[in-house]
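Please read these remarks with the structure open beside you, and check each point against it as you go.

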Amino acid sequence: MKSHAKAVVIGGGVVGCSVLYHLAKAGWTDIMLIERSELTSGSSWHAAGGFHTLNGDPNVAKLQAYTVQLYREIEELSGQSCSLHLTGGVMMADTPERMDFLRLAHAKGRYLGMDTELITPSEAKAMFPLMDETNFVGAMWDPVEGHLDPSGTTHAYAKAARKLGAEIVLRNRVVELTQEVDGTWNVVTEQGTVKAEHVVNCGGLWAREIGRMVGVELPLLAMEHMYLLTEPMPEVEEFNKSTGREMIGVMDFKGEIYTRQERNGILLGTYEKACKPWSPVNTPWDFGHELLQPDIDRIAPSLEIGFKHFPGIEKAGIKQIINGPFTFALDGNPLVGPVQGLTNFWCACAVMAGFSQGGGVGLALSNWMVHGDPGFDVWGMDVARFGEWATLRYTNAKVRENYSRRFSIRFPNEELPAARPAQTTPLYDTMLANNAVMGDSWGLETPLWFAPKGTEPKDIVSFHRSNDFGPIGEEVRATREKVGVTEIANFAKYEVSGPGSEDFLNRLMTNRMPKTGRIVLTPMLNEFGRLIGDFTIAKAGEERFMIWSSSAAQKYHMRWFEKHLPKDGPGASQVRIHRFDQTLVGLSIAGPKSRDLLQKLVDADISTKAFRFMDFREMAVGGAPCMVNRITYTGDLGYEIWMAPAYQRLVYKAIKDAGEEFGLVDFGMRALLSMRLEKNFPTWFRELRPIYGPFEGAMDRFVKLEKNDFIGRDAAAREQAEGPKLRRVSFIVDAADADVMGDEPIWAKVGGKDYGTVEKPHGYGAQRFDTDGKEVRGSRAAEGASAVRGIVDGDWRVVGWVTSGGYAHYIKESMAQGYVPAALAADESAGLFEIEILGSRRPARINVEPPFDPSGEKMRA
Ligand SMILES: Cc1cc2nc3c(=O)[nH]c(=O)nc-3n(C[C@H](O)[C@H](O)[C@H](O)COP(=O)(O)OP(=O)(O)OC[C@H]3O[C@@H](n4cnc5c(N)ncnc54)[C@H](O)[C@@H]3O)c2cc1C
């Protein structure tokens, strides 16, 4: 074993081997993988080997598609077969709601380059004759599904990596990790210490233990998982003989089960409701190539549904039940990337579908390590997406919830109950008493809407408009016409201070920093000129800035801030960044009467001239020391008021008391999001994401290319000079009783006109692939889009996708925001659009000016 390596990958499961292969392929050959036992000694060896491309997050779906396409490449390079069976598969819906979900998934596929198809239950039965099709109302066919040999696949990655120069050390456990002052890692193993620049945690079942070696508690948990194998079945053999084909894979929502052919019998796996964590606190180091005791009683309810839906399987004898553990993060997606607060410590763990996702995870992580950027929009699997609140017990509750609803559909207005309430503000009980329906916002209980007195504060979950529709309308109208108050504790808040802080922020942000007492809005870009943040920044004093942004991105942004802290130059290291989290909470008041209301609570003059739009002030509100921004996300005259939690009740009560004479109402997050639609305001992670440039995102006025050399400036200048490829636009939609949720296709009647690329970009960085899994180099790569896949219907074409939307209650219209080719957005003669909502194409029109207060008079009043 060598004593130095550029990178050490810990763990030789499918994920570790994929990471090793991708690092070697990217040109890092001084790398080694250290495995405690033999390759596949965690969960990889007993996997069912199924793979598919579908994922709730289109960006993760794209990386899954890459994984599937990669297998031929590693087979060729390694000479090792993965035993690929690309059979295709169906998802079976047994209710109209589940069919709606499939329609949505199918619609998304239009711009993702997926070839899914909605089919009838009888058509599905023709490919999987063991089902009783009368149990179902419809199905979705996906040709890119199948199964493989898990062990062969892991070895294929390993052999391919070795061929490219990587080293693999077996039967050698990593027992300790320490770091030198210069950042070098000491990887202490049973066979000696390796000095490494980078360490990657691919420890699978032991990933938590490896995290603990560096003081990190990773939010993942192993669950027991069972699948059964039947004896050979004559029906299967007969089908194979008569059609010359294998039976396809089937996923059944109702039973939370999947099934497919395995040799000449059937494999059927369950995600049972009575699920069971395995080794919830510590994973034993001596756990070897072992299976767990099957527990047929636990899966009996799922099997009962399975046998009813697939009666052909019930008759077969059960040959074996496999029970093995594998790991999940809270939302079922992997934990990938650099861990905030550490240098060169990387994660690729909690990969619950290693054979669908392992390749994409390896590619994204190797890009990140080698080129400093994943090259894709990997937010859906970024290790930074969970906060400190994701403790061991929180994780346990959430993972169990996620496992037991593995194939369940989640409605757009559905809040999941496990592990709640976790964090609450001092106003929590007051909000409940006000009949608030609460939602989870990055682990914090936040009012979504207020149910009328005497009714149960509860969402009726649906893809259509629901019981919150009327009350949200009331909240919006009262706010727009009088005044409303809402809790905004869930925003991210930071303070950047100390000598050099202004230069630091100028280097990070695209906009100029404000003068003392003023506020600016500013995007933040990566080196590729893509959007990685959107902030409100106030200059609170000399070298002191207050910053607000999206709550979910707190660790993601802290990681970026820390990485770019100045390391040299006079005074540079004195820049301090403080994340407040819930040590600073807030309330926002908005509406034409908000100034009159606030004036009753403050001694300062807050008249239009004395306290202008986009001013920042520290002042006492209702007797409590606060910071006040003259700005509101509703687009009205309004204020954001920030205070220590100890003062929040005092300020709220003062606002409520003073507001009575003005007709003050409480409003929740949903009303806020409805009002921002009427102002065409974007939201982070929906309209603004790392796959878009600032000009594509219509953030032009916040990008000051001439101010200084900020990160991403050259790329942004190029984008501006060449013209953005896409453009964010806002639509009024002629919807029926359902509004857009996000990710719906946008159609346009373009006739013979060519407006360019329609496929959603996923990659922007160092390395990209097309839908055949081939690396895209040269000009196509520079274009920032993978293969173009036009979907045409006569003169109509899919030209873009929705990012978010909903009902705009004040103007009484359904609205949507999304991206279309910039040339089309600019073409005033291009009139007709349609947006596909739940499978029905609804007329839509671009709406250039915000329908509420287009000139901004009200908010500047
Ligand atoms: C019953 C069952 C069915 C499944 N079916 C499917 C399926 O159909 N499709 C699918 O995609 N996925 C399936 N999975 C999940 C799949 O197995 C996992 O996604 C995958 O194995 C994760 O791989 P990994 O490399 O992250 O972890 P692991 O396979 O757990 O590998 C981790 C490796 O790290 C090593 N290691 C840990 N700590 C150390 C250390 N300190 N020093 C050195 N080495 C260390 C371990 O020995 C182990 O070999 C299934 C899992 C189970 C249990």
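The points below take up the ligand and its surroundings, and then one sheet with the helix that lies across it.

1. This is a predicted model, and I suggest beginning with the ligand, which is surrounded by 39 residues, the closest being Glu35, Arg36, Ser44, Gly50 and Val351. Sorted by class, this shell holds 19 nonpolar, 17 polar and three charged residues.

2. Three pairs of atoms deserve a look, beginning with a polar side-chain atom of arginine 36, which lies 2.7 Å from an oxygen atom of the ligand. The backbone also takes part, since a backbone N or O atom of valine 14 lies 3.2 Å from a ligand oxygen atom, and a polar backbone atom of methionine 352 is 3.3 Å from an oxygen atom of the ligand. Taken alone, the ligand exposes 1,000 Å², of which the protein buries 97%. The elements giving two or more residues to the shell are α1 (14-25), β12 (220-230), β17 (318-329) and α10 (354-371).

3. Turning to the sheet, six strands form an open arrangement with mixed pairing, in the order β29-β30-β31-β28-β22-β32. Because β29 (616-621) and β32 (665-666) stand at the edges with a single partner strand each, one side of each is left without a neighbour in the sheet.

4. Within this sheet, strands β28 (residues 585-590) and β31 (residues 638-643) run antiparallel and are joined by six bridges; in one of these strands, β31, tryptophan 642 is the bridge partner of glycine 586.

5. Finally, helix α17 (residues 648-659) lies across β22 (484-487), β28, β29, β30 (624-629), β31 and β32, and runs at about 15° to β28.

Technical notes
Residues are numbered from 1 along each chain as its sequence is written. This is a predicted model: local features need pLDDT of at least 70, side-chain atom pairs count only at pLDDT 80 or more; totals for chains, interfaces and linings use all residues. Side-chain values use heavy atoms; hydrogens and water are left out. A residue is near a molecule or strand if one of its heavy atoms lies within 4 Å of it. A polar contact is a pair of N or O atoms within 3.5 Å; within protein, one must be able to donate a hydrogen and the other to accept it, and residues adjacent in sequence count only if both atoms are side-chain atoms. Accessible areas come from the Shrake-Rupley method with a 1.4 Å probe; for residues, only the protein chains shown count as cover. Helices (H or I, at least four residues) and strands (E, at least two) are DSSP runs, numbered from the N terminus. Ala, Val, Leu, Ile, Met, Phe, Trp, Tyr, Cys and Pro count as nonpolar, Asp, Glu, Lys and Arg as charged, and the others, Gly among them, as polar. Two strands pair if DSSP finds at least two bridges between them. Contact means heavy atoms within 4.5 Å. Axes are lines fitted to C-alpha atoms, for helices over the stretch in contact, and angles run from 0 to 180 degrees between N-to-C directions.
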